[in-house]
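Here are some exercises to work through with the structure open in your viewer. Try each task before you read its solution.

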Amino acid sequence: MWAGLRNAVYLERRRLYFVTLMAFAAGILFYARLNFQILGLPAPFFIGLFYAFVIGTAGLMVCIFAPSFRFMLEAIAISRLAVAFLAFFAPAIGDTIIASPILNACIVVGFGVSISRLIHGRITSPARLGLRARLRRYASEGRTNVRVTGNAWQRSYVGWMDDAVAVAA
């Protein structure tokens, strides 16, 4: 089981690096107007590190425990960064978004769904497996093919990000 867990983390490395880096950038942009220090670091940098840690850890948990949602991670990361750019360049709107976590989550997830459809096409889920069976399969076989309904560049992106072969569904 531990070998399967290690392989699952290894297979998700690109996605986790991408999501963590985007979360760091979004954290900096959301709070770029703060002008004080936390533990000797500028507040936006510290908050960016905190965002990266929390969202990277949550992304890892999603990849392991809810793998059918793993395709949403990078779409939501792109959406979060876009909302952070909006908050940075339009401070009045940004203050409203930052002040309301529910509004922030709805905007980020809503745009994330649209972005996911754009970059992934439609991904057909395989038969559901339990956690132990999935980790055993990761340890023995690695990742299986991903079935994507979409055009060639969507299949190529999903294949690269997932480190697997993306086939037309």
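The exercises below go from the whole chain to helix packing and then to single residues, all in a predicted model.

**Exercise 1. The whole chain**

Task: Work out how many helices and strands the chain has, and in what pattern they follow along the sequence.

Solution:
- Start with the tally: the secondary structure comes to 8 helices and 5 strands.
- Next, walk along the sequence, and you should get α-α-β-β-α-α-α-α-β-α-β-α-β.
- Now look at burial: 38% of the 169 residues count as buried.
- For the surface, the chain exposes about 9600 Å², and 69% of that comes from carbon and sulfur atoms.
- Finally, take the contacts with a separation of 6 or more: 68% of them join residues 24 or more positions apart.

**Exercise 2. α4 against α5**

Task: Find the angle at which α4 and α5 pack, and classify it.

Solution:
- Locate the two elements: α4 covers residues 70-89 and α5 covers residues 91-99.
- Their axes are 5 Å apart, at an angle of about 125 degrees.
- That value falls outside the 65 to 115 range for roughly perpendicular and is not over 145, the mark for roughly antiparallel, so the two helices are oblique to each other.
- On the α4 side, the contact uses Val83, Leu86, Ala87, Phe88 and Phe89. Pro91, Ile93, Gly94 and Ile97 come from α5.
- Sort these by class and you get 8 nonpolar residues, 1 polar and no charged ones.

**Exercise 3. α4 against α6**

Task: Describe how α4 crosses α6, including whether the crossing is left-handed or right-handed.

Solution:
- α6 spans residues 101-120, and its axis comes within 7 Å of the α4 axis.
- The two axes cross at roughly 125 degrees, which makes this pair oblique.
- The crossing itself is right-handed.
- Among the α4 residues in the contact are Phe71, Met72, Ile76 and Val83, while α6 brings in residues including Asn104, Ile107, Phe111 and Ile115.
- By class, the contact has 13 nonpolar, 5 polar and 2 charged residues.

**Exercise 4. Asn104**

Task: Decide whether Asn104 is buried or exposed, and list what it touches beyond its sequence neighbours.

Solution:
- Asn104 sits in helix α6.
- Its relative accessibility is 16%. The cut-off for buried is under 20%, so Asn104 counts as buried.
- Leaving out residues up to four places away in sequence, Asn104 touches Phe30, Val83 and Ile97.
- Val83 is also one of the α4 residues in contact with α6, and Ile97 is one of the α5 residues in contact with α4.

**Exercise 5. Three more residues**

Task: Place Leu39, Val54 and Arg136 in the fold, and say how exposed each is.

Solution:
- Leu39 lies in the loop between β1 (37-38) and β2 (41-42). It's exposed, with a relative accessible area of 74%.
- Check the backbone of Leu39 too: phi is near 55 degrees, a positive value in a residue other than glycine. Most residues other than glycine have a negative phi.
- Val54 belongs to helix α3 (residues 43-65). At 39% relative accessibility, Val54 counts as partly exposed.
- Thr20 is 34 residues from Val54 along the chain, yet their C-alpha atoms are separated by 8.8 Å.
- Arg136 is part of helix α7 (residues 131-140) and is exposed, at 54% relative accessible area.
- Asn7 is 129 residues from Arg136 in sequence, with 9.8 Å between the C-alpha atoms.

Key
Residues are numbered from 1 along each chain as its sequence is written. This is a predicted model: local features need pLDDT of at least 70, side-chain atom pairs count only at pLDDT 80 or more; totals for chains, interfaces and linings use all residues. Side-chain values use heavy atoms; hydrogens and water are left out. Helices (H or I, at least four residues) and strands (E, at least two) are DSSP runs, numbered from the N terminus. Buried means under 20% relative accessible area, exposed over 50%, partly exposed in between (1.4 Å probe, protein chains only). Contact means heavy atoms within 4.5 Å. Accessible areas come from the Shrake-Rupley method with a 1.4 Å probe; for residues, only the protein chains shown count as cover. Axes are lines fitted to C-alpha atoms, for helices over the stretch in contact, and angles run from 0 to 180 degrees between N-to-C directions. Angles under 35 degrees count as roughly parallel, over 145 as roughly antiparallel, 65 to 115 as roughly perpendicular and the rest as oblique. Ala, Val, Leu, Ile, Met, Phe, Trp, Tyr, Cys and Pro count as nonpolar, Asp, Glu, Lys and Arg as charged, and the others, Gly among them, as polar. A crossing is left-handed if the near helix is turned anticlockwise from the far one by less than a right angle, and right-handed if clockwise.
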